[in-house]
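Let's take a walk through this chain together. Have the sequence and the 3D view ready, and follow along residue by residue.

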Amino acid sequence: MSKTIFDKLRSRKGLLSPTALAEIINFKVSTLQRRRSKKQRPSWIALSQNRVAYDPSEVADWLESLSPSSVDEKTVHTRVPYEQFGLT
């Protein structure tokens, strides 16, 4: 059985930079920045005043919470409709 993107995120060691997370979930870094400014998930960790990181396990939980039937490995690796993430 192959690992899902959720399994891969949960088994990952360490934190993800905004750039690394954006590549994994096919977002722009600016989208993550906008979500942080609006206090929207995925949750982040402030490393310093100008640096943040993401817990891969929390990101997996967030993605799974969106819609179990519509978010899967294929969806995450392609462009996900903004409506699924509460973006307009």
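What follows is a short tour, from the overall layout to the side-chain pairs and the surface.

**Overall layout**

Please keep in mind that this is a predicted model. The chain is built from five helices and two strands. Read from the N terminus, its elements come in the order α-α-α-β-β-α-α. Of its 88 residues, 34% count as buried. If you look at contacts between residues at least 6 apart in sequence, 52% of them join residues at least 24 apart. The chain exposes about 5,600 Å², and 50% of that is supplied by carbon and sulfur atoms.

**Helix α2 and what comes after it**

A good place to begin is helix α2, which spans residues 18-25. Which of its residues are buried? They are Pro18, Leu21, Ala22, Ile24 and Ile25. These residues cover an arc of only 165 degrees around the axis, and therefore they sit on the same side of α2.

Ile24 deserves a second look. This residue of helix α2 has a relative accessible area of 17%, which is under the 20% cut-off, so Ile24 counts as buried. Ile24 and Leu9 are 15 residues apart in sequence, while their C-alpha atoms are 9.2 Å apart in space.

Just after α2, the backbone offers a detail to check: Asn26 takes a positive phi of about 60 degrees.

**An aromatic pair**

Next come the rings. The count of aromatic pairs comes to one. The partners are Phe27 and Trp62, with ring centres 6.4 Å apart and planes at 80 degrees. Why is the pair called edge-to-face? Planes over 60 degrees apart fall into that class, and the 80 degrees of Phe27 and Trp62 therefore place them there.

The pair links distant parts of the chain. Phe27 is in the loop between α2 and α3 (29-37), whereas Trp62 belongs to helix α4 (residues 56-66), and their positions lie 35 residues apart in the numbering. Both Phe27 and Trp62 are buried.

**Salt bridges**

Now for the charged side chains. The salt bridges number three, and here they are with their N to O distances:

| Salt bridge | N to O distance |
|---|---|
| Asp61 and Arg10 | 2.6 Å |
| Arg10 and Glu64 | 2.6 Å |
| Arg41 and Glu58 | 2.4 Å |

Arg10 appears in two of the rows, and indeed Arg10, Asp61 and Glu64 are linked in a network of salt bridges. Where do the partners Asp61 and Arg10 lie? Asp61 is in helix α4 and Arg10 in helix α1 (residues 5-11), 51 residues apart, so this bridge links distant parts of the chain. The bridge between Arg10 and Glu64 likewise links distant parts, with Arg10 in helix α1 and Glu64 in helix α4, 54 residues apart.

How accessible are the members of this network? Asp61 has 36% relative accessibility and counts as partly exposed. Arg10 is partly exposed at 34%, and Glu64 is partly exposed at 33%.

The bridge between Arg41 and Glu58 has its own setting. Arg41 lies in the loop between α3 and β1 (45-46) and Glu58 in helix α4, so the pair ties together parts that are 17 residues apart in sequence. Arg41 is partly exposed, with 32% relative accessibility, whereas Glu58 is buried, with a relative accessible area of 18%.

**A nonpolar patch on the surface**

To finish, turn to the outside of the model. Leu15, Ile45 and Leu47 make a nonpolar surface patch of about 240 Å². Leu15 is found in the loop between α1 and α2. Is Leu15 buried or partly exposed? At 43% relative accessibility, Leu15 counts as partly exposed.

Technical notes. Residues are numbered from 1 along each chain as its sequence is written. This is a predicted model: local features need pLDDT of at least 70, side-chain atom pairs count only at pLDDT 80 or more; totals for chains, interfaces and linings use all residues. Side-chain values use heavy atoms; hydrogens and water are left out. Buried means under 20% relative accessible area, exposed over 50%, partly exposed in between (1.4 Å probe, protein chains only). Helices (H or I, at least four residues) and strands (E, at least two) are DSSP runs, numbered from the N terminus. The arc is that of the directions from the helix axis to the C-beta atoms. Rings of Phe, Tyr and Trp (its six-membered ring) pair if their centres lie within 6.5 Å; planes under 30 degrees apart count as stacked, over 60 as edge-to-face and the rest as tilted. Contact means heavy atoms within 4.5 Å. Accessible areas come from the Shrake-Rupley method with a 1.4 Å probe; for residues, only the protein chains shown count as cover. A salt bridge is a side-chain nitrogen of Lys or Arg within 4 Å of a carboxyl oxygen of Asp or Glu. Patches are made of residues with over 30% relative accessible area and no salt bridge: like charges are joined within 9 Å, nonpolar side chains (Val, Leu, Ile, Met, Phe, Trp, Tyr) within 5 Å.
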